[in-house]
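Work through the exercises below with the sequence and the model at hand. Each task is followed by a solution in steps.

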Amino acid sequence: MVFVWIGIGIGILAVTVLVLKIIKLPSNSFITLRCKICGLKTNGLKCPLCESEKKAI
């Protein structure tokens with residue numbers, strides 16, 4: 001029974017920490033829709049322009 005209470009306490013603590021992290025994050029921080037280097041719209045994928053420049057160099 002003690003292990004159940006310890007598990008519940010750890011679960012509540014973990015949920016609280018995750019909720020606080022979600023609240024503190026900006027709404028668009030988890031995925032960028034544009035390339036950080038050139039600004040091309042990539043919808044979260046790798047930028048084809050910057051990738052080809054890296055390979056050419």
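Accessible areas come from the Shrake-Rupley method with a 1.4 Å probe. The model used here is predicted.

**Exercise 1. The chain as a whole**

Task: State how many helices and strands the protein chain has, what percentage of its residues count as buried, and which atoms supply 72% of the exposed area.

Solution.
- Step 1. The protein chain contains two helices and zero strands.
- Step 2. Its length is 57 residues, and 7% of them count as buried.
- Step 3. The area exposed by the protein chain is about 5,400 Å². Carbon and sulfur atoms supply 72% of that area.

**Exercise 2. A surface patch**

Task: Find which residues make the nonpolar surface patch of about 580 Å², then place Ile8 in an element and decide whether Ile8 is buried, partly exposed or exposed.

Solution.
- Step 1. Met1, Val4, Trp5, Ile8 and Ile12 make the patch, which covers about 580 Å².
- Step 2. Ile8 belongs to helix α1, which spans residues 2-24.
- Step 3. The relative accessible area of Ile8 is 41%. Partly exposed lies between under 20% for buried and over 50% for exposed, so Ile8 is partly exposed.

**Exercise 3. The surroundings of Leu33**

Task: Locate Leu33, list what Leu33 touches beyond four places away in sequence, and give the C-alpha separations of Leu33 from Gly44 and from Leu45.

Solution.
- Step 1. Leu33 lies in the loop between α1 and α2, where α2 covers 48-56. Its relative accessibility is 46%, so Leu33 counts as partly exposed.
- Step 2. Leaving out residues up to four places away in sequence, Leu33 touches Leu40, Lys41, Thr42, Asn43 and Gly44.
- Step 3. Take Lys41 from that list. Lys41 sits in the loop between α1 and α2 and is exposed, because its relative accessible area is 53%. With the same sequence neighbours left out, Lys41 touches Leu33 and Arg34.
- Step 4. Gly44 also has its place in the loop between α1 and α2. With a relative accessible area of 43%, Gly44 is partly exposed.
- Step 5. Gly44 and Leu33 are eleven residues apart in sequence, and their C-alpha atoms are 5.0 Å apart. Leu45 and Leu33 are twelve residues apart along the chain, with 8.1 Å between their C-alpha atoms.

**Exercise 4. Counting disulfides**

Task: Determine how many disulfides the count gives, and explain why Cys38 and Cys50 are too far from the closest cysteine sulfur for a bond.

Solution.
- Step 1. A disulfide is a covalent bond between the sulfur atoms of two cysteines. The cut-off for counting a pair is within 2.5 Å.
- Step 2. For Cys38, the closest cysteine sulfur is in Cys47, at 3.5 Å, so it is too far for a bond. Cys38 is partly exposed, with a relative accessible area of 39%.
- Step 3. For Cys50, the closest cysteine sulfur is in Cys35, at 3.6 Å, so this too is too far for a bond. Cys50 is buried, with a relative accessible area of 7%.
- Step 4. The count comes to zero disulfides.

Note on methods. Residues are numbered from 1 along each chain as its sequence is written. This is a predicted model: local features need pLDDT of at least 70, side-chain atom pairs count only at pLDDT 80 or more; totals for chains, interfaces and linings use all residues. Side-chain values use heavy atoms; hydrogens and water are left out. Patches are made of residues with over 30% relative accessible area and no salt bridge: like charges are joined within 9 Å, nonpolar side chains (Val, Leu, Ile, Met, Phe, Trp, Tyr) within 5 Å. A salt bridge is a side-chain nitrogen of Lys or Arg within 4 Å of a carboxyl oxygen of Asp or Glu. Helices (H or I, at least four residues) and strands (E, at least two) are DSSP runs, numbered from the N terminus. Buried means under 20% relative accessible area, exposed over 50%, partly exposed in between (1.4 Å probe, protein chains only). Contact means heavy atoms within 4.5 Å.
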